[in-house]
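I opened the model and kept notes as I went. Helix packing came up before the DNA.

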Amino acid sequence: MPKDYLDQLNSAQKKAVSAPVENTLVLAGAGSGKTRVLTHRIAWLIQNGFCSPFNILAVTFTNKAANEMRGRVEQLLGYSAQNLWIGTFHGLCHRLMRIHYDKANLNENFQIMDSDDQLRVIKRIVTAMGLDEKQWIPKKIQWFINAKKDDGLRAAKVPNPADLHTRTLISIYQQYEETCFRMHLVDFAELLLRTQELFERHPDILEHYQSRFTYILVDEFQDTNAIQYNWIKALAKKNTLMAVGDDDQSIYGWRGAKIENMKALERDFHPINIQRLEQNYRSTGNILKAANTLIANNPDRLGKNLWTEDGLGEKISLYPAFNEFDEARFIVECIREYYKQQHQYLHCAILYRSNTQSRVIEEALIQAGIPYRIYGGLRFFERQEIKDALGYLKLILNPDDDTAFERAINTPPRGIGEQSLNQLRDNSKEKTISLWQSALHCVEQKKLSNRVLNNLQSFIQLIQTLQQETKDLSLSNLTDQVILRSGLISHYQNEKGEKGQTRIENLQELITAAGQFSEENKNNVHTQLAEFLANAALEAGETQSDESAIDYVQLMTLHSAKGLEFPLVFLAGMEEGLFPHQLSASDPSQLSEERRLCYVGITRAMKKLYLTYAETRRHHGQEMYHRPSRFIHELPQELLDEVRLRTKISKPLYTSSHKTSHYPPTMSLRTTNYRQQTALVSQELNGFRLGQLVKHPTFGEGTILNFEGSGEYARVQVKFKQVGTKWLVASYAKLEVIS
DNA sequence: ACCTGAAATATTTTT
DNA sequence: TATTTCAGGT
């Protein structure tokens, strides 16, 4: 290890890294180098002989973060530390479950369900219980079950409620638990829950890990939920904990993360040494000031103020667009300009609140010929064809997996219809056996029509043959065989269009992935397969397969931007209703979370930040008039630079049917101070006059204050009696002249 | 089994 | 608007 490795750190970081070996909470602001502190701390502990790598447990939320941390630690140590436990909560719990499967009441071959599998199981249960799917929406039930599990509650332990609705939910949960148990399947939350129970029921095992892991480090602590917190508490009780987090960047409350856990630390791990990292190495002074001012509007913060030695940098640009097309056009224009100045596309990020916003921006980028990549969406192991193949692979290991059975039996179609399938389902429900077993019974006792019986028989044969004949193959050959003999390849060959071809390519890719996986794995092939399947569930792979472009603009939601940084950032759709989202507007705590999300967005920017909003946006097929986001108003107005657009030629001849008519023909960008109102056209426009009294269908009555632009995109500024002053596109807003 | 058209229904996402 | 799901027909 380089002796001077602490010299790479600033004084606050150094202080945190070499803090006394006692419980420590590091409050690390955005861009203050928290991962760096965490990795250096691990190296420091080892180097100074406080412990060996064997004694360290480091926990993260994503595989990406875990991999990155391991890499950085090994780099600092100068050797590969395999007995260092670094991983995600789920990954580490999975590891524990594989070791202690018997004590955790699991089958040796237990498998992990992803959320898609989980949803299918729930659907089946709802149907089997004779409940109406319209009323008992599987997604909501899934939500309910996971929320309970994240709180560490089994169905039997959920407080008994008075209302029938919740009682039914609990009984579905109970059914679900039993079904999963019978199938030897665990969902993600179950990994944590089982570990909790293992520790409760087998104190010796807990003690074993307590004495092993003398130093525990947790990243992104603000994102922990109840069960994760308890897990840490159990393991770290007699040991030393370092938690790193930022309450201002807590954006996962909606899926159970508890910001309060940060405060709970002070209680449960008292005395705790609090270290603050407030020097930011990422953004300019103006960007930081904006972020600080915004987040100051949130109550109950632990308190933190970011500062930088950097200069103020440029102001934050604000662009009020006519509509979403104009917004996209503007962003593309800026990126083009930026690229011309010898910059890379890779340095530009377009961030938005919800995925639907990406489409219009994508189209504008395509039209401009700018390469881009969208993050989020379908991952490799979540693709339909991949899940089909995985279904067969799962059946080889565990034919009692009903989810896999249901999937495989009719993909590709095998002439076993809904009728016959229902008989199998009834039969298995009645006897509490798996579908596979009830299929065996049916064949034995010739319970179905001859034709179906034949089909079923050959399906059973197929699985049994695969089970036996693949024992001596390599994992990739096995996968190859399964894909071929299941008929998936020929099934997808018949699919029309390019889709089938892509699917087959993906299936080939699965074979390659299996080959790569088994390279580092010397177990027998079925053990390898079990691990491969677990890996597929826990690490669903990249969102997009490799694309040829190496320099591209990056598009993603604000949530997925956390932890990243870009020189040039656009926050698009800064509108009330969109951001903060309509569904979060009424609840103060949700609104605070939206604000934190905005804080996350702003602090992604290193050099330049653009905020854009559209005055008109088509949303769910309806034209919507949104006000600019309250978050814009919460920023220091002197830091904002409003970009105004001026049309040079008035030519009111655009029709919306014309394909390129989203934008006025000639335009130039001009900058004015924010809030400065400029009449660019004249005293009169489209029959409107200054001072005229008008009525808007939603905003009510108001007075015309100003005009801007011309033609289809001409806008009027109206001071409404009830909702304040707004700029409206005259041709969209259905303004009625009153006087 | 597959096609078609109507109807419902639209945050954020990791594991 | 766009996507997904479902009923009904072939």
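**Helix pair α4 and α23**

I find α4 and α23 roughly antiparallel to each other, a label for angles over 145 degrees, with under 35 roughly parallel, 65 to 115 roughly perpendicular and the rest oblique. The model is a predicted one, where local features need pLDDT of at least 70, side-chain atom pairs count only at pLDDT 80 or more, and totals for chains, interfaces and linings use all residues. Residues are numbered from 1 along each chain as its sequence is written, chains are lettered from A and ligands numbered from 1 in the order in which they are written, and side-chain values use heavy atoms, with hydrogens and water left out.

I looked up the numbers for this pair. The axes of α4 (residues 89–99) and α23 (residues 525–538) come within 11 Å and cross at roughly 155°. Axes are lines fitted to C-alpha atoms, for helices over the stretch in contact, and angles run from 0 to 180 degrees between N-to-C directions. Helices (H or I, at least four residues) and strands (E, at least two) are DSSP runs, numbered from the N terminus.

I noted the crossing of α4 and α23 as right-handed: the near helix is turned clockwise from the far one by less than a right angle, and anticlockwise would be left-handed. From α4, His90, Gly91, His94 and Arg98 make the contact; from α23, Ala530, Ala534 and Leu538 do. Contact means heavy atoms within 4.5 Å. By class, I get three nonpolar, three polar and one charged residues there. Ala, Val, Leu, Ile, Met, Phe, Trp, Tyr, Cys and Pro count as nonpolar, Asp, Glu, Lys and Arg as charged, and the others, Gly among them, as polar.

**Helix pair α15 and α16**

I then took α15 (residues 384–397) and α16 (residues 402–409), whose axes come within 8 Å and cross at roughly 120°. That angle makes α15 oblique to α16. Their crossing is left-handed. Among the residues that meet are Lys387, Asp388 and Tyr392 in α15, and Phe405 and Arg407 in α16. I listed five nonpolar, two polar and four charged residues for this contact.

**DNA strand B**

How many residues surround DNA strand B? I count 25, the closest being Thr62, Asn63, Arg353, Asn355 and Thr557. A residue is near a strand if one of its heavy atoms lies within 4 Å of it. Sugar and phosphate make up 48% of the strand B atoms that come within 4 Å of the protein.

I checked single atom pairs next. A polar side-chain atom of Thr557 is 2.5 Å from a phosphate oxygen of strand B. His90, already noted in the α4 contact, has a side-chain N or O atom 3.4 Å from a base oxygen of strand B. Arg255 also places a polar side-chain atom 3.4 Å from a base oxygen of strand B. By class, the surface near strand B has seven nonpolar, 14 polar and four charged residues.

**DNA strand C**

Around strand C, I find Arg359, Arg618, His620 and Gly621. Here sugar and phosphate account for 36% of the strand C atoms within 4 Å of the protein. A polar side-chain atom of Arg359 lies 2.8 Å from a phosphate oxygen of strand C.

**Backbone oddities**

Most residues other than glycine have a negative phi, and most peptide bonds are trans. I logged a cis peptide bond between His270 and Pro271, omega about -5°. Pro271 sits in the loop between α11 (260–268) and β8 (273–277). Thr411 to Pro412 is also cis, with omega near -5°. Glu220 is not a glycine, yet has a positive phi of about 50°.

Conventions
Polar contact = N/O pair within 3.5 Å; in protein donor to acceptor, adjacent residues only side chain to side chain.
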